[in-house]
Every structure is written in C-alpha cells, then in structure tokens.
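Dear colleague,

I am handing over the structure below, and after it you will find what was computed from its atoms. Please read the notes on method along with the values.

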Amino acid sequence: LKNRSVERMLALCCGTGRRASKIRELSEKSFPITGVDISPLMCEQASERGLEVVQGDISDLEFKLDHSFDAITYLYAFGHLPSRTARLNVLRSCKAHLRPGGVFFADLFCLRNIHEWGADIEAYHQKYRLNEQGYDAGDVFYKRMGGTHRAYLHYFKRDEILDLFHEAGFERVEIRKIGYTESSGQLHDRSDEGMYWVKAQ
C-alpha cells in the first residue's frame, strides 16, 4: 500500500489488530482501519491498537459497514470459511465494498505445500469418496495438539482460486507464493512450499 492512495482500509478477521497495524506502519501512511472480528476479546485488543472495531460475523458484511474501502485484507483466515458458497459470498461482498481501483488482499493455504497435508488430503478424499458426502477436495477437519475442539480449514489449488475470484467479480487476480513454514511471509518462486498470496481488483 506504500505506493497507493489509501483513505480507508478494512481488515477482516482482524484478531488483535497486530497485522493490520503493521501494514499501516510499513505503508508509512496514517489511514483509518476498520477491523471486523467475531471475538469480543480480539475486538477489544484491536481497538487498543487504534482500529475502529466492528464485532460481527464476516459472513454477513452488510451488518454495520457504512463505508467503502481502498484496501481490504483477509489474512490467515479465509480458508476457515466452511464452503465454496460461503467463500464466494464473502468475496462478492468484499468486491462491493471496494472503491474503484481498490485492492483486496488474502493469504490462502496451498494444497501442494510439502510441509502441510496436501498429498494426504487428496488421497483420503479419494479413498473415502468424500466428494459424495459433500466435501470439496482440500477440506480438512483438525484438532490442535492438546485441544478439545475440531476446526475446519480448506487448502486451495491455483486454478480454484482464479475461478472463485473471477466468479465473485474480480477482473484482475494476481497470485504469488509466500513462505509459511519456512521463510514466513517472504515472496518466493517455489511451487511446492508456502501459501498463496492473492491480490485482486
């Protein structure tokens, strides 16, 4: 965002606001950030970091957002949306909330990441015929070490991302790779490691 004109930014699933605040700091600008998160505790911490916080479920972005935005970020959480329909609906809402020339940014887990479960996910999906049970290739349910609750995460393929974003109305979609397990957050050109970094307009 350093070389763009930004008057307002929206940070979806903002958590504590740490990432959004760091983005603003690195841009060397002072634009206001609206943060959305479902957790009251996260909202409180994000507010302490200077975000204008809206507590709510991002699957319904129409609830209190009365502004359009020059930039929207959806970091580390897009894959937790529980279906392609939910992902498409959120992307369409994001597109509607972007000003002309505005940019949407997201990081998405890569199914081909050799440090993750990709090969196993595809094998189990075929072995147990999960597509017949309504699951998409890349769907995973997991439980953290020592945890008691299961969580959902979707791993993506490049073509899947392009189809999804184009269907949502984005005309220009740029996909890069960034490190996750290794070289976290750094752009690289290795096809078998890291996450997808998506910039869409």
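The accessible surface of the protein comes to about 11,200 Å², of which 46% belongs to carbon and sulfur atoms (Shrake-Rupley method with a 1.4 Å probe). This is a predicted model, in which local features need pLDDT of at least 70 and side-chain atom pairs count only at pLDDT 80 or more, while totals for chains, interfaces and linings use all residues. Residues are numbered from 1 along each chain as its sequence is written, and side-chain values use heavy atoms, with hydrogens and water left out.

Of the 201 residues, 44% count as buried, where buried means under 20% relative accessible area and exposed over 50%, with a 1.4 Å probe and protein chains only.

One element, helix H5 (residues 158–167), has Ile161, Leu164 and Phe165 as its buried residues, helices being DSSP runs of H or I with at least four residues and strands runs of E with at least two, numbered from the N terminus. These three cover an arc of only 90° around the axis, which puts them on the same side of H5; the arc is that of the directions from the helix axis to the C-beta atoms. The face of H5 turned away from that buried side carries the exposed residues Asp159 and Asp163. The cover over the buried residues of H5 includes helix H3 (84–97) and strands S5 (98–109), S8 (173–178) and S10 (195–200), with contact meaning heavy atoms within 4.5 Å. Just after H5, Gly169 takes a positive phi of about 110°.

Best regards
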